[in-house]
Amino acid sequence: MSAPKVGEDARVRDIISRIRVVPDFPKPGIMFQDITTLLLDPKAFKDAIDLFVERYKGQNISVVAGIEARGFIFGPPIALAIGAKFVPLRKPGKLPCEVISEDYFLEYGKDCLQMHIGAVEPKERALVVDDLIATGGTLGAAMNLLERAGAEVVECACLIELPDLKGRERLKGKPLYVLLEAH
């Protein structure tokens, strides 16, 4: 079951109660953290967005980069609320113009993220957003992509962390903010 991070806002308990854990999905042994049930509750969903906004408002972040696909759920409302642009980080073949790519390895194979050239300017302050950090491969690739474009990645933000998979260790010391941990 999920547990709030020590010292977190009381809203986190309600958010936790709205996340469904699905055993053996997508394969045996995986305890899938299903956020679709959180999205069905407007108050809990708003609370999750508000917690992120409260953290990042006033930090001069000009880019919120959301990782396909669930980073697209949380990233845009955070970007709008803090006055930043939203930059989608997509799988290959999904962006229509010239892109830069970053390959990365997962526990089950290789993948790639892409971003439009020119979406991020050098020296912009960026926040990377996704729903969950497991092994850290996807977040690491997102950070590399943004840094290659000249952005300064301020922090990574996820709703859920699976700390047993040690994904933080792959973030090269970059700060990671999560609302809750799942074990």
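In this predicted model, Phe86 has a relative accessible area of 26% and is therefore partly exposed, since buried residues lie under 20% and exposed ones over 50%. Phe72 likewise counts as partly exposed, at 26% relative accessibility. The rings of Phe72 and Phe86 form an edge-to-face aromatic pair, with 6.0 Å from centre to centre and 90° between the planes. Because Phe72 lies in helix α4 and Phe86 in strand β5 (residues 85-89), the pair ties together parts that are 14 residues apart in sequence.

A search of the whole structure finds five aromatic pairs. In another of these, the ring centres of Tyr56 and Tyr177 are 6.4 Å apart and the planes meet at 85°, so this pair is edge-to-face. Tyr56 belongs to helix α3 and Tyr177 to strand β10; with their positions 121 residues apart, the pair links distant parts of the chain. Tyr56 is buried, at a relative accessible area of 1%, and Tyr177 also counts as buried, at 10%. Ring pairs join Phe52, Tyr56 and Tyr177 into a cluster.

Helix α4, which holds Phe72, was examined further. For its 12 residues, a rise of 1.5 Å a residue gives an expected span of 16 Å, and the end C-alpha atoms are 16 Å apart, which agrees. Gly71, Phe74, Gly75, Ile78, Ala79 and Ile82 are the buried residues of α4. Seen down the helix axis, these buried residues fall within an arc of 125°, so they line one face of α4. Among the elements that cover them are α2 (36-39), α3, β4 (63-67), β5, β8 and β9. Just after α4, Gly83 has a positive phi of about 75°.

In soluble globular proteins, nonpolar side chains tend to be buried together. The largest nonpolar core of this model has 32 residues, of which Ile15, Val64, Ile78 and Leu159 touch the most other members. Two or more residues of this core come from each of α1 (11-17), α3 (42-56), α4 (71-82), β8 (125-133), β9 (152-161) and β10 (176-182). Helix α3 contributes the most, with seven residues. A second, separate core consists of 28 residues, including Leu113, Met115, Val120 and Leu176.

The surroundings of Leu159 were also listed. Apart from neighbours within four places in sequence, Leu159 is in contact with Ile15, Ile19, Ile35, Leu38, Ala48, Phe52, Phe74, Asp130, Asp131, Val178, Leu179 and Leu180. One of these contacts, Phe52, belongs to the ring cluster with Tyr56 and Tyr177, and another, Phe74, is a buried residue of α4.

Methods
Residues are numbered from 1 along each chain as its sequence is written. This is a predicted model: local features need pLDDT of at least 70, side-chain atom pairs count only at pLDDT 80 or more; totals for chains, interfaces and linings use all residues. Side-chain values use heavy atoms; hydrogens and water are left out. A nonpolar core is a set of buried Ala, Val, Leu, Ile, Met, Phe, Trp, Tyr and Cys residues joined through side-chain atoms within 4.5 Å. Buried means under 20% relative accessible area, exposed over 50%, partly exposed in between (1.4 Å probe, protein chains only). Helices (H or I, at least four residues) and strands (E, at least two) are DSSP runs, numbered from the N terminus. Contact means heavy atoms within 4.5 Å. Rings of Phe, Tyr and Trp (its six-membered ring) pair if their centres lie within 6.5 Å; planes under 30 degrees apart count as stacked, over 60 as edge-to-face and the rest as tilted. The expected span of a helix is 1.5 Å times one less than its number of residues. The arc is that of the directions from the helix axis to the C-beta atoms.
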